[in-house]
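Hi everyone, thanks for making time. I'll walk you through one structure today, so please have a look at the screen.

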Amino acid sequence: MKNLLHKLFSVSMALLLLLSTISWTVEKHMCMGRVMDIALFDQADDCGMEAGLALLDDTSIGEEHCCDNEAFTMQGQDTLNLDIFHFDFSQQVFIISYATSYLGLFQESVDRGIAFDFYPPPNVAEDLNILHQVFLI
């Protein structure tokens, strides 16, 4: 079970690292204020209205643009070699205390079996229940 959780955690951390270093580009094609197409990592397809306007001979309609392309790019992380000395003191204390307590969870405790089978029970001089008059009802 521990080995399976370790592998699952390793794969999820690798995917997180991969997704944080990729640059994401989302492009939208809007026609008359409505989103017609959305593309990820690619150019959005147009709706064909600009080609239809180019065929018309009327220049007043041809000059107005009803379609618009919007692109949003989120840059990936380039610097991945941070060390503990870039943090301030309180963050260093938190990271070190968290790491030591987390690693302490997976240490196997050694149970020392102390056997009391070899020791005889103590000699009782008097019966203490009768002496103190304590009886279970």
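Okay, start with Glu27, which sits in strand β1, the stretch covering residues 24–31. Keep in mind that we're looking at a predicted model. Which side chain of opposite charge is nearest to Glu27? That would be Lys28, and it is 11 Å away. Glu27 is buried and has no salt bridge. A salt bridge here needs the charged atoms within 4 Å, so 11 Å doesn't qualify.

What does Glu27 touch, then, once we skip residues up to four places away in sequence? The list has Asp37, Ile38 and Ala39, then Asp42, Gln43 and Ala44, and finally Asn69, Glu70 and Ala71.

Now the neighbour, Lys28, also in strand β1. Is Lys28 buried, exposed or partly exposed? Its relative accessible area is 28%, so Lys28 lands in the partly exposed group. Again leaving out residues up to four places away, Lys28 touches Val35, Asp37, Ile38, Ala44, Asp68, Asn69 and Glu70. If you want a distance to picture, take Lys28 and Leu40: 12 residues apart in sequence, and 9.0 Å apart in space from C-alpha to C-alpha.

Next up is His29, another residue of strand β1. His29 counts as buried because its relative accessibility is 2%, and the cut-off for buried is under 20%. The side chain of His29 also has a polar contact, 2.6 Å, with the side chain of Asn69. Asn69 has come up already: it's among the residues touched by Glu27 and among those touched by Lys28. The contacts of His29 beyond four places in sequence include Arg34, Val35, Met36 and Asp37. They also include Cys47 and Cys67.

Let me zoom out for a minute. The protein chain has five helices and three strands. Following the sequence, the order goes α-β-β-α-α-β-α-α. There are 137 residues in the protein chain, and 7% of them count as buried; Glu27 and His29 are both buried. The accessible surface adds up to about 12900 Å², with 62% of that belonging to carbon and sulfur atoms. And if you take contacts between residues at least 6 apart in sequence, 43% of them join residues at least 24 apart.

Last stop: the aromatics. How many aromatic pairs does the structure hold? Two. One of them is Phe94 with Tyr98, a stacked pair at 6.1 Å centre to centre, with 20 degrees between the planes. Those two residues are both in helix α4, residues 89–105, and being four residues apart puts them about one turn of the helix from each other.

Then there's Tyr98 with Tyr102. Why do we call that pair stacked? The ring centres are 6.2 Å apart and the planes meet at 15 degrees, and planes under 30 degrees apart count as stacked. Tyr98 and Tyr102 are separated by about one helical turn because they are four residues apart in helix α4.

Put together, Phe94, Tyr98 and Tyr102 make one aromatic cluster. As for how open its members are, Phe94 is exposed, at 55% relative accessible area, while Tyr102 is partly exposed, at 37%.

That's my tour, happy to take questions.

Methods. Residues numbered from 1 in each chain as written. Predicted model: local features only at pLDDT ≥ 70, side-chain atom pairs only at ≥ 80, totals over all residues. Heavy atoms only, no water. Buried < 20%, exposed > 50% of the residue type's maximum accessible area, 1.4 Å probe, protein only. Lys, Arg positive; Asp, Glu negative; His and termini not counted. Contact = heavy atoms within 4.5 Å. Areas by Shrake-Rupley, 256 points an atom, 1.4 Å probe, with all protein chains shown as cover. Phe/Tyr/Trp six-rings, centres within 6.5 Å; stacked < 30°, edge-to-face > 60°. Polar contact = N/O pair within 3.5 Å; in protein donor to acceptor, adjacent residues only side chain to side chain.
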